[in-house]
Structure formats: structure tokens, C-alpha cells
Amino acid sequence: MSAPTPAAPDPERTALAWAHTARFLTTAAQLDQLPPTELPEIAFVGRSNAGKSTAINMLTQQKRLAFASKTPGRTQHINLFELGPKDAPDALFADLPGYGYAAVARGAKLRWQQVMAQYLELRRSLSGVVLMVDSRLGLTELDQQLLAFVAPRVGTGEVKLLVLLTKADKLNRREADAALAAAQGVLGQLATDDADLSLALFSALSRRGVGDAAQVLHGWAHPAG
Ligand code: GDP
């Protein structure tokens, strides 16, 4: 009789355990202040109030991790988190400044645009972007402007894209279907043979989509496995 084969590791648990290793690395006001890295980097972007901090905290199962990005002085910064074993980190998360906050002065908006555009166009290690969109608002003009910065690299498959429709607990079934269809329509404009695009409903409150999102990110960071 052959020995019993060990149970295959549950991919969702593996992904969540990996995401849980996230720890704060550094903060930077602009691209040239970020450390160069060979590690795959996953950027989190979204309008202010889209639920980005809550989603990052949920994915990493750390109550206050992303709220580090909301402390005064850091809100316009790119905050980097390191993942994987401490002695052999295998990926970075980059929490990018939220945008679209009405009260922000014109000068600050222009500076934001420049920081975001440069990061998304030029950051060599960028391997994936997670765009958080309030499911009740859908992809706004600003979200589409942001996507335009990274669209060329998404088109070649160099940068992967996951769009999470947040606060899905606030939608009924029909509204959720409509939100998915509308977002799908916008993302269709980015579709090419090589593009890697994903779209999902997400709720930190109900935990809907959390495990799946963790698996997508884990897959981006560990393409061979
Ligand atoms: P950020 O500005 O994008 O980082 O947004 P936050 O994470 O601070 O969330 C903005 C607001 O949305 C807060 O009041 C959160 O409590 C709320 N929120 C975030 N995620 C969810 C969710 O999944 N469901 C519900 N109902 N509210 C949420």
C-alpha cells in the first residue's frame, strides 16, 4: 500500500497567510525616493473613500496597516509594504495616495497627477495594479484617467490589473450585476490578447471576494507556482 498523499494546501489559506506577512517598509513622496527593487510590486489605487485602506487591512488581516497611509504627512505619499519571509521577502505592496478628494487644492492635484503618472508609467518593478472602486459609483472619470497612465503596460501584459468593486454589501443582487456589467464595459477598452484583467465584487464587511482577491495577488507575486 502506498503512503497517504498529504492534503494539498488550500490556495486561499496560503494566499491569506502570505498577505498577512505584510509589514511597513518605507514611505516616499515621489518616484525617485522609492528604493529600486527586484521584487514584484503590487500597487493599490483608488479615489479617497473608495475603501482602499479597509480593503488592504482586510486582505492583510491587519487592523491598522493601511491607515499608516492616512497619518498626517503621509496622505500624499507612496507607502511600501514588504511581504514574504523576513529573510527572503518576495513581493511589495505599494499603497498610493487616494485621489478625487474635492477639497484638495489645484496645485496638490497636479502634483498628485505627476506622482501617479510617473509611478504607473515608469516603476520598473510594478507587476500589478489593484484599482478600488466604490461599487455604487463605478469607474469615474478620474479612475479612467488613472487607468490611462498604466494602460500601455496593461495592454502588453507587463502589468496586471484587478478592479475591486468595494462595499458590495450595500448592493442588492440586481445592482451588483449592473455594477459588474458597467465596469466590464469600461475594462473592455483595455482588453488585448495579452492583457490580464480581473474584476470582482468586494466587501470588507461581508468578506465577499477577500479570499479570491488574495489568491489573485499571490498568483501575481508567485507566477511559477
Ligand atoms: P479609503 O479612503 O479609500 O482608504 O477608504 P476607507 O477604507 O477609509 O473607507 C471609507 C469608508 O467606507 C469608511 O467609512 C469605511 O468604513 C467604509 N467602508 C470600507 N469598506 C467597506 C465595506 O466593505 N462595506 C461598507 N459598508 N463600508 C465600507
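This passage describes the aromatic pairs and the strand arrangement of a predicted model.

In the model, 4 aromatic pairs are counted. One of them joins Phe24 and Phe81, whose ring centres lie 5.9 Å apart; the planes meet at 70 degrees, so this pair is edge-to-face, the cut-off for that class being over 60 degrees. Phe24 belongs to strand β1 (residues 23-28) and Phe81 to strand β3 (residues 78-83), so that the contact links distant parts of the chain, 57 residues apart. The two partners are covered to unlike degrees: Phe24 is partly exposed, at a relative accessible area of 35%, whereas Phe81, at 1%, is buried.

A tilted pair is formed by Tyr99 and Trp112, with 4.9 Å from centre to centre and 35 degrees between the planes. Because Tyr99 is located in the loop between β4 (91-95) and α3 (106-122) while Trp112 is part of helix α3, the pair ties together parts that are 13 residues apart in sequence. Both Tyr99 and Trp112 are buried. In addition, Trp18, Phe44 and Phe93 are linked into a cluster by ring pairs.

Phe44 also takes part in strand pairing, as its bridge partner in β5 is Val130. Strand β2 (residues 41-46) and β5 run parallel and are joined by 6 bridges. Strand β5 (residues 126-134) is mostly covered, with 9 of its 9 residues buried. Strand β5 is further joined by 7 bridges to strand β6 (residues 160-166), again in parallel, and Val133 has Leu165 of β6 as its bridge partner. Between β5 and β6 the chain passes through helix α4 (residues 141-155), forming a right-handed β-α-β crossover.

Methods
Residues numbered from 1 in each chain as written. Predicted model: local features only at pLDDT ≥ 70, side-chain atom pairs only at ≥ 80, totals over all residues. Heavy atoms only, no water. Phe/Tyr/Trp six-rings, centres within 6.5 Å; stacked < 30°, edge-to-face > 60°. Helix = DSSP H or I, 4+ residues; strand = E, 2+ residues; numbered from the N terminus. Buried < 20%, exposed > 50% of the residue type's maximum accessible area, 1.4 Å probe, protein only. Pairing = 2+ DSSP bridges. Right-handed = clockwise from strand over helix to strand, strands pointing away.
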